[in-house]
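Student: I have a model open and would like to go through some of its details with you. Can we start with a helix and then move on to the cysteines?
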Amino acid sequence: MFLYIYIWDSSPASLPEKQSDLSPLKYLVMLLKMIMMVNLLSMFILAAGFPYGVVDGLRMDYYLMSCPFAEQIVKNTVNGALDNDPALAAALVRMHFHDCFIEGCDASILIDSTKDNTAEKDSPGNLSLRGYEVIDDAKDQLEEQCPGIVSCADIVAMAARDAIFWAGGPVYDIPKGRKDGRRSKIEDTINLPFPTFNTSELITAFGKRGFTAQEMVALSGAHTLGVARCASFKGRLSSADPTLDSDFAKTLSKKCGGGDNAEQPFDATPRIFDNFYFNALMRKSGLLFSDQTLYTTPRTRGVVNGYAMNQAMFFFDFRKAMIKMGTVDVKEGSKGEVRQDCRKIN
């Protein structure tokens, strides 16, 4: 059970340019309201037995006093970007996943390569990532409001959460206080799951980061948003794949006639967060081999069936898994920093 409350209207016009635009009394009243809401949120979290209210020093109210408008700034920035380009919702969610899966949730995915180091973002598995400018925009605004306070890692996590909600997905809050990492190397990306992985390989890869098989399936449901390029699934078309619907195979073959960069949606509603992805798997219309294998394998087929029939159950499990993912190997204290520029180490 979650309580998610915004104190202010979500439009940019409702957000003061600077904290100094508020009178001391109004500012104090707003802070008191925020404290009350956070206390209510904590009570609901505890009542629900939710285990991730406070994790490894992260807190829901981490920026309450130091940068009280942080979440609203990120939300407004993300909403504005998605209003202009709805496809960015999938990109921001994918960015968060690719960040957390390598070196933990420390914004290492944002660091640019230098002449002495090739960073994660230039790995073949990350070249199709985009949306970096959304993170930069939010960071610039936050640095103007509260310099040196809000980490890039927290911005990436909040942006993914807000993108999911914008696209019609579940609403949830996340604990904050991650620090930014100081390492980003292309060789580390070998640990990313490949689109050719079977279920056993996926369970092993996710298990190394503390996820169960069910949580892995729930997180795979993020593929309800976005598209994949032909380069990532054309291998399924070169031989008769018994797990691939024949009519869907013809559709994919025609699509890939446009080259490796031709794009195909994961499901029928690529800009809406729903459970259509799991329904596609039941029809043998999973786009990647690593998608369809979740239904082909008896160990995970029941989970797929459950999510296909019950979107509310998928949403509930997905938000729990996403919050858990956001706490993977987080950096704290001297183990990390708050970057001034998300694209380079201080």
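Tutor: Gladly, and keep in mind that this is a predicted model. At the start of α6, a side-chain oxygen of Asn-198 comes to within 3.1 Å of the backbone nitrogen of Ser-200.

Student: Which residues of α6 are buried?
Tutor: In helix α6, which covers residues 199-207, the buried ones are Thr-199, Leu-202, Ile-203, Ala-205 and Phe-206. They take up an arc of only 165 degrees around the axis, which places them on the same side of α6.

Student: And what do the buried residues of α6 pack against?
Tutor: Their partners are α3, α7 (213-220), α10 (289-296) and α11 (298-309).

Student: Take α3, then: how many of its residues are buried?
Tutor: In α3, 13 of the 14 residues are buried, so that the helix is mostly covered. Its length is also as expected, because 14 residues (88-101) at 1.5 Å a residue should span 20 Å, and the end C-alpha atoms are 20 Å apart.

Student: Switching to cysteines, how many disulfides are there?
Tutor: A search of the whole structure gives four disulfides, and with the bonded cysteines numbered in sequence order the pairing reads 1-4, 2-3, 5-8, 6-7.

Student: What about Cys-152 and Cys-342?
Tutor: The sulfur atoms of Cys-152 and Cys-342 are 2.1 Å apart, forming a disulfide, and the link is left-handed, with -95 degrees about the S-S bond. Cys-152 lies in helix α5 and Cys-342 in the segment after α12 (311-325), so the pair ties together parts 190 residues apart in sequence.

Student: Are those two buried or exposed?
Tutor: Both Cys-152 and Cys-342 are buried.

Technical notes: Residues are numbered from 1 along each chain as its sequence is written. This is a predicted model: local features need pLDDT of at least 70, side-chain atom pairs count only at pLDDT 80 or more; totals for chains, interfaces and linings use all residues. Side-chain values use heavy atoms; hydrogens and water are left out. Helices (H or I, at least four residues) and strands (E, at least two) are DSSP runs, numbered from the N terminus. The expected span of a helix is 1.5 Å times one less than its number of residues. Buried means under 20% relative accessible area, exposed over 50%, partly exposed in between (1.4 Å probe, protein chains only). The arc is that of the directions from the helix axis to the C-beta atoms. Contact means heavy atoms within 4.5 Å. A polar contact is a pair of N or O atoms within 3.5 Å; within protein, one must be able to donate a hydrogen and the other to accept it, and residues adjacent in sequence count only if both atoms are side-chain atoms. A disulfide is a pair of cysteine sulfur atoms within 2.5 Å.
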